[in-house]
Amino acid sequence: MQVTDLEIPGCWLIGAPARHRDARGWFSEHWSRRTFESVGQGHTWVQDNLAWTEKAGTVRGLHFQSPPSAQAKLVSVLRGAVLDVVVDIRRGSPTYGRHVRAELSAENGLMMLAPRGTAHGLVTLKDDTLVMYKVDGFFDLANDRTLRWNDPALGIDWPGVAGTLVSDKDAVAPLLAELPAYFEWDGA
């Protein structure tokens, strides 16, 4: 398994697990604790979430949960494709306000690890897209937060289709400059 450290500390792009092909198709270990621990990934996943999106251009995010319910996310695409984006919102971090992005698809099998203290979002690049999130903390509505997906201060180069459909919550989310200091950089 190939793991690429991205510009944001703790954020990884994870190469597709090996796919063993035969006449029927292929088989893959999508996630294995042993394999992930061997590359230094020590999260304990407690919940899997699925998000199905009907139309390309649909934006989900930028979402996070504030303490004490912060979550890390391991994001993969089971059907279709997305442009996946992670923004560092840890005050004092050397990459505060910066983002990383990658195309994740069922075809390429890539996964993105968004650490605690980051906001995560995506735009679907294909109709009928199914995304899976492994999270290391349970959903907590009281601490569910959103950062404006199209905040000019973030400088995210979204594809032209982005914003075809956006939830009311995401459309009016606070800008980075308006966001309280939910997370402080701890140097790790």
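**Exercise 1. Classify His-120 by burial and describe its surroundings.**

At 2% relative accessibility, His-120 counts as buried, where buried means under 20% relative accessible area, exposed over 50% and partly exposed in between, with a 1.4 Å probe and protein chains only. This is a predicted model, in which local features need pLDDT of at least 70 and side-chain atom pairs count only at pLDDT 80 or more, while totals for chains, interfaces and linings use all residues. Residues are numbered from 1 along each chain as its sequence is written, and side-chain values use heavy atoms, with hydrogens and water left out.

The next step is to place the residue: His-120 is found in strand S12 (residues 118-124), strands (E, at least two residues) and helices (H or I, at least four) being DSSP runs numbered from the N terminus. Leaving aside neighbours within four places in sequence, the residues in contact with His-120 include Arg-60, His-63, Asp-84 and Tyr-133, contact meaning heavy atoms within 4.5 Å. With the side chain of Asp-84, the side chain of His-120 makes a polar contact at 2.6 Å. A polar contact is a pair of N or O atoms within 3.5 Å; within protein, one must be able to donate a hydrogen and the other to accept it, and residues adjacent in sequence count only if both atoms are side-chain atoms.

**Exercise 2. Determine whether Arg-90 and Asp-5 are buried or exposed, and find their polar partners****.**

Begin with Arg-90, which lies in strand S9 (residues 90-91) and counts as buried at 8% relative accessibility. Its side chain reaches the backbone oxygen of Pro-9 at 3.0 Å, and the side chain of Arg-90 also makes a polar contact of 2.9 Å with the side chain of Asp-88.

Turn then to Asp-5 in strand S1, which counts as exposed at 60% relative accessibility. Leaving aside neighbours within four places in sequence, Asp-5 is in contact with Cys-11 and Trp-12, and a polar contact of 2.9 Å joins the side chains of Asp-5 and Trp-12.

**Exercise 3. Work out the strand order of the six-stranded open sheet and identify its edges****.**

The six strands follow the order S1-S2-S11-S7-S13-S5 with antiparallel pairing, two strands being paired if DSSP finds at least two bridges between them. Strand S1 (3-5) and strand S5 (47-53) each have a single partner strand and therefore stand at the edges, with one side of each left without a neighbour in the sheet. Neighbouring strands of this sheet are turned by 20° against each other on average, direction ignored, the axes being lines fitted to C-alpha atoms, for helices over the stretch in contact, with angles running from 0 to 180 degrees between N-to-C directions.

Within the sheet, strand S7 (residues 73-79) and strand S13 (residues 129-135) pair in the antiparallel sense over six bridges, and Arg-79 stands opposite Leu-130 in S13.

**Exercise 4. Count the aromatic pairs and characterise the one between Trp-149 and Trp-158****.**

Rings of Phe, Tyr and Trp (its six-membered ring) pair if their centres lie within 6.5 Å, and planes under 30 degrees apart count as stacked, over 60 as edge-to-face and the rest as tilted. By this rule the count comes to three aromatic pairs. Trp-149 and Trp-158 form an edge-to-face pair, at 5.5 Å centre to centre and with 75° between the planes. Trp-149 is buried at 10% relative accessibility, and Trp-158 is buried with a relative accessible area of 12%. Finally, Phe-64, Tyr-182 and Phe-183 form one aromatic cluster.
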